[in-house]
2 protein chains.
Amino acid sequence: MSDTSREPGSRVVLPEQVSVVNVGLPMFGEALRAQGVRVVDVAWRIPAGGDEALVQALTQLYGPAAATVEAANQQVIRRLDEAAPAWVAVRPAREVVPGMGERTILHPGPPLAWDRFCDPLRRSAHATVIAEGWAASPDEAAALIGRGDVELAPANHHSAALPMATTLGPSAPVLVVQNEQGGNTAYAPLNQGSGRWPWLGADTNEAVAHLHWLRAVAGPLLNETLRNGDPIDVFAIAAQGVQMGDDIHMRLQASTNLLIRALLPRLVALGDSRRTELARFLSENYLFFLNLAIAAAKATTDWAAQVPDSTIVTGMARNGTTFGIRLGATGDRWFEAPAPPVEDALYRGDFGPADAAPDIGDSAIIELVGLGGAAAAASPAVAGFVGGRMSDAVARTQEVARVCAARSSRFKIPQLDFTGTPLGLDVRKVVELEIVPAITTGILDATDGRGQVGAGLARAPLECFQQAILALSAQHPYRDHRA
Amino acid sequence: MSDTSREPGSRVVLPEQVSVVNVGLPMFGEALRAQGVRVVDVAWRIPAGGDEALVQALTQLYGPAAATVEAANQQVIRRLDEAAPAWVAVRPAREVVPGMGERTILHPGPPLAWDRFCDPLRRSAHATVIAEGWAASPDEAAALIGRGDVELAPANHHSAALPMATTLGPSAPVLVVQNEQGGNTAYAPLNQGSGRWPWLGADTNEAVAHLHWLRAVAGPLLNETLRNGDPIDVFAIAAQGVQMGDDIHMRLQASTNLLIRALLPRLVALGDSRRTELARFLSENYLFFLNLAIAAAKATTDWAAQVPDSTIVTGMARNGTTFGIRLGATGDRWFEAPAPPVEDALYRGDFGPADAAPDIGDSAIIELVGLGGAAAAASPAVAGFVGGRMSDAVARTQEVARVCAARSSRFKIPQLDFTGTPLGLDVRKVVELEIVPAITTGILDATDGRGQVGAGLARAPLECFQQAILALSAQHPYRDHRA
């Protein structure tokens, strides 16, 4: 911007000082700055990296189709913001999970053939097959699945979601979480706790025994606990948890404790003496609330996905081999890319990148309802993980906000004077700005079943969002606008 | 500050521009500012309001006596910062509280004659006398105490501390909290919960029945709970609680939940079927951890008070009529002033200032160990109370820091990038800067026993600190320095 001035009725006088607003690449600004010129940099990048098809899709979805899209997005956001799913029961999967056959095993992420399963997910499936009584050893289990004697299906296709490498057989107990407003229900397994358990890629005898215990003791007793009182409003607890330093994905200490506090009278009143085992399990499992949050997020996003024409992401999941997203507007279709590595990782003991399996699990769904990375700014524990200072955690939330369409009205960030967490991941913004969600996640042993070896951040592949926007733009009703 | 410059070998050239640093009253700066002069204000007040005796005491304690004082203060701060009191048992007061006679009732704050007891404290004493079986009605109880048939003594003189209007009889169960490093033990009653109970100034039949229940059920079962596992490190839980939004005085939700989580397996394993009553009580009592924090703070400050020659406050308590502080250097002496009103108050329902009893209770001791107001910046709930924004809570902590000598090494404030809470309230600083601790507190009904009517901030009377510094300066070893 040059400070030109005109003397009345005369020629333009060159300014003595020139200031420059530099839009885009900082190198231009730096060149001017080197000549002593005052420069203000404005971040700007060519939208969608300048890809012609993507720019065309964006032009359409921000242009002629915008009214349709915005109306749909408002609907989706309202559902994401208002759904209040309640934990009502714990039942064997076969009794409640829709379409769950007697020989079905559910797995996380997009559909995947057995020969493409990564090692921790294979091991988890072995443990589940053995726990179901279909095989006596990991080798027998692998052979059985290899022969096609077990149906493998994505949990996401059965109103369920599974963290990390969890697999789910028909006898496994599931959390039943009802979204009354939407009239739909979602399911998640019991969180198995930290340790070398199947959900973290273990298939030892101990890991199988833990599945037996969850089925015989934890499931029935938790169901009785639920029956002896009101249902648990999952997001009401999550909202309090966010005020107490939980992001509800990586850190769940406060929400798990709130849940235990709420259930305490019922747990103590259980008649079965094995309640002491359940109490020890709950008292030691800092992650127990994780799977409740996942089930609630699944119930919420499934409801939101019923709205057509929206550009808001309603599904995000990884199977350890591929990463996929889904939108209500594009139905059951997955937009997939290879599972990314987990970056910015901290490893336990002597473990290192060579031991790390790729990003895995359905827990990324939490990021779609205003929690996880969206709530990082609320979490001192996440701050300790992403750089050490609260400002580092705030930066994560602010990055998420750049690609979200709204703010949560219930999850409030104290650190930001109680503004809501970002909500409604918009594929248009992701593709335009080339900012992808960073998902905080555990890292599993890639080859030897030694469980969790570290934790870090996985970046959702941009490619998934690019595929999605092209698909959106190619279909009704957007095509009609273009015509 | 004038930008003078000298031309070589010539006279002083007057500067074209003058900037001014204004020390003290802002009005001088404003006058200059009005003339277009650049002014930087520096906050400065006449120390101790210019009082000659106080200035002399400060001059001595910051001057000749400083080496002695600083060495002592370091010792005191180390004890305040490092004591790790553990909850080990719950016993009837008569069995454990030192010097507790069979007809003794302990009360909060400095010593106080019965005819000076405020209404809520009188009612609490009635309830305790009835619960002990010494009288059948409030009137009988009042007559008994009025005749001198009951010994009234400050809890602080018996290694105990009592929140709000709690009174303690010999049969009442007390939390036993041991400070192993110091070899001393402190006691606090069980927190009675919110409701119209004796500690909030009620003397109804229901209030007395609650004392019976605490004695018959909660006390013995909690003692059994403690016996069935490790002692509870109170400040370890408090430190986690501060990371989760507790200030550990006004807000104790996270720490209470952490405690419940830790005790869950033992609570569930209790043989007595009345464990369900205890569980309901704990599940509904958001303040349960308060009295543990008070006992731990008492054990800590009692140990710190054994160090001579320090200017750090080691006792702060209110009986509803007077407010008093104590220092190790001045032994058992109380420095007292009339109990202040509670300001910045929020009242329940139709209650208002006319219903408010003055500031009361021993809980102010929490403010002496780096918690309460010192930890306000960590607490979104406190922020909601002191102005609504986290910056309001941060301001409270920063105010406390101005009159404290150190920072806690274990209570860290996420909002301030994990710096420690202010620790070590120095009477020198309080008197010099005339900044007194603001104590967050409940407000009791002044006349009718209707329990808690509101909450607000009470300002410790400056007079207490002024008396203390004069007493300090008058005694050995400071007198020696002056000689």
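Me: How many C-beta neighbours does Arg333(B) have inside 10 Å, and what does Arg333(B) count as on that basis?

Reply: This is a predicted model, and burial in it is read by counting neighbours: 20 or more would make a residue buried and 12 or fewer would make it exposed. Arg333(B) has 15 C-beta neighbours inside 10 Å, so it counts as partly exposed.

Me: Where in chain B does Arg333(B) lie, and which residues is it in contact with once its neighbours within four places in sequence are left aside?

Reply: Arg333(B) lies in the loop that runs between β12 (322–327) and β13 (335–338) of chain B, and, apart from those sequence neighbours, it is in contact with Arg326(B) and Ala471(B). As for separation along the chain and in space, Arg333(B) and Arg280(B) are 53 residues apart in sequence, and their C-alpha atoms are 42 Å apart.

Me: In chain A, which strands make up the open sheet that contains β12 and β13, and in what order?

Reply: A sheet is read by following the pairing from strand to strand, and here the four strands of chain A have the order β13-β12-β11-β15, with antiparallel pairing. β13 (335–338) and β15 (360–361) of chain A each have a single partner strand and stand at the edges, so one side of each is left without a neighbour in the sheet. Strand β12(A), residues 322–327, is joined to β13(A) by four bridges, and within this pairing Gly324(A) stands opposite Glu336(A). Helix α15(A), residues 462–474, lies across β12 and β13 of chain A and runs at about 155° to β13(A).

Me: What is the strand order in the four-stranded open sheet of chain B that includes β8, and which helix packs on it?

Reply: In chain B the order is β9-β8-β5-β10, again with antiparallel pairing, and the edge strands, each paired on one side only, are β9 (184–189) and β10 (232–233). Six bridges join β8(B), residues 173–179, to β9(B), and Val174(B) has Pro189(B) as its bridge partner. Helix α7(B), residues 205–227, packs on this sheet by touching β5 (86–92) and β8 of chain B, with its direction making about 145° with that of β5(B).

Me: How should I read the length of helix α7 in chain A, and where is its kink centred?

Reply: The end-to-end reach of a helix can be set against its expected span, and α7(A), with 23 residues (205–227), reaches 32 Å from its first C-alpha to its last, close to the 33 Å expected. Even so, α7(A) has a kink of about 40°, centred on Leu214(A). Leu214(A) is among the buried residues of the helix, which also include His210(A), Gly219(A) and Thr225(A), and the buried residues of α7(A) pack against β5 (86–92), α5 (119–131), β8 (173–179), α9 and α10 of chain A.

Me: How many residues of α11(A) are buried?

Reply: Helix α11(A), residues 288–304, has 17 residues and reaches 25 Å, close to the expected 24 Å; 17 of its 17 residues are buried, so the helix is largely enclosed by the rest of the structure.

Me: How many residues does each chain give to the contact between chains A and B, and which helix supplies the largest share on the side of chain A?

Reply: The contact takes 27 residues from chain A and 27 residues from chain B. On the side of chain A, α9 (253–269), α10 (275–284) and α12 (380–386) each supply at least two residues, and the largest share, eleven residues, comes from α9(A). By residue type, that side divides into 16 nonpolar, six polar and five charged.

Terms used
Residues are numbered from 1 along each chain as its sequence is written. Chains are lettered from A and ligands numbered from 1 in the order in which they are written. This is a predicted model: local features need pLDDT of at least 70, side-chain atom pairs count only at pLDDT 80 or more; totals for chains, interfaces and linings use all residues. Two residues are in contact if their C-beta atoms, placed from the backbone, lie within 7 Å. Ala, Val, Leu, Ile, Met, Phe, Trp, Tyr, Cys and Pro count as nonpolar, Asp, Glu, Lys and Arg as charged, and the others, Gly among them, as polar. The expected span of a helix is 1.5 Å times one less than its number of residues. The bend at a residue is the angle between axes fitted to the seven residues ending there and the seven starting there. Two strands pair if DSSP finds at least two bridges between them. Axes are lines fitted to C-alpha atoms, for helices over the stretch in contact, and angles run from 0 to 180 degrees between N-to-C directions.
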